[in-house]
Amino acid sequence: MATVDNREAGQDDPESEDEVYEVVDLTEYARRHQWWSRVFGSNSGPIAEKYSVATQIMMGGVTGWCAGYLFQRVGKIAATAVGGGFLLLQIANHSGYVQVDWKKVEKDVNKAKKHLKKKANKAAPEINTFIEEATDFIKRNIVLSSGFVGGFFLGLAS
């Protein structure tokens, strides 16, 4: 049977019943552990440690609004281009300028579907890894992310 030397454990006298207590400064603990750390875990990310909550929400909101506004504008331009091109193609087809071989189009579309299914099965692990990384980023920077989402929706609405 092995014996433990109590002097190595921090006690000078093996007969002593005194216990050693550590003093914890609660103000320092509160500064280091913000409310989001208690809610979302201790690893709340590097951004949460550098900026206040208001600053994070403002940064996320502004960047989200810019992204939403650009997404709205680019989306309208893309929808107009695709819809206008399709409309012009239909008018040209009905006017006799263009003859579309719809059987060949259907065959090519089915071939493209099969090709996409094969590629989708190979890309699934990469997509899952990307989704896991994005989820981890959002969890670590929840305040910034929520500001971004709110700003994005405001940008879409404006």
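I take helices and strands as DSSP runs, numbered from the N terminus, with at least four residues for a helix and at least two for a strand. The model I am reading is predicted.

**Entry 1: fold.** I looked up the secondary structure and found six helices and zero strands. Along the sequence I read the pattern α-α-α-α-α-α.

**Entry 2: contacts and burial.** I then turned to the contacts in the protein with a separation of 6 or more, and noted that 73% of them join residues 24 or more positions apart. Of the 158 residues in the protein, 12% are buried. For the surface I recorded an exposed area of about 13,300 Å², of which carbon and sulfur atoms supply 63%.

**Entry 3: positive charge.** Where on the surface does positive charge gather? I found a patch made up of K114, K118, K119 and K122. I placed K114 in helix α5, which covers residues 102–140. K114 has a relative accessible area of 60%, and it therefore counts as exposed, the cut-off being over 50%.

**Entry 4: nonpolar surface.** Which residues form the nonpolar patch on the surface? I listed F71, F148, V149, F153 and L156, which together have about 470 Å² of accessible area. I next asked which helix gives the most to the nonpolar patch. The answer is helix α6, residues 142–157, with four residues. V149 is found in helix α6. I checked its exposure as well: V149 counts as partly exposed because its relative accessibility is 43%, a value between the limits of 20% and 50%.

**Entry 5: salt bridge.** I searched for salt bridges, and the count came to one. The partners are D136 and R140, whose closest N and O atoms are 3.3 Å apart. Both residues lie in helix α5, and I noted that they are four residues apart, about one turn of the helix. Is the pair buried or exposed, or does it fall in between? I found D136 partly exposed, since its relative accessible area is 39%. R140 also counts as partly exposed, at 22% relative accessibility; buried would require a value under 20%.

**Entry 6: review by helix.** I went back over helices α5 and α6. Helix α5 holds K114 of the positive patch, and it also holds both partners of the salt bridge, D136 and R140. Helix α6 gives four residues to the nonpolar patch, with V149 found in this helix.

Terms used
Residues numbered from 1 in each chain as written. Predicted model: local features only at pLDDT ≥ 70, side-chain atom pairs only at ≥ 80, totals over all residues. Heavy atoms only, no water. Buried < 20%, exposed > 50% of the residue type's maximum accessible area, 1.4 Å probe, protein only. Contact = heavy atoms within 4.5 Å. Areas by Shrake-Rupley, 256 points an atom, 1.4 Å probe, with all protein chains shown as cover. Patch = residues over 30% accessible without salt bridge, like charges linked within 9 Å, V, L, I, M, F, W, Y side chains within 5 Å. Salt bridge = Lys/Arg side-chain N within 4 Å of Asp/Glu carboxyl O. Lys, Arg positive; Asp, Glu negative; His and termini not counted. Charge placed at Lys NZ, Arg CZ, Asp CG, Glu CD.
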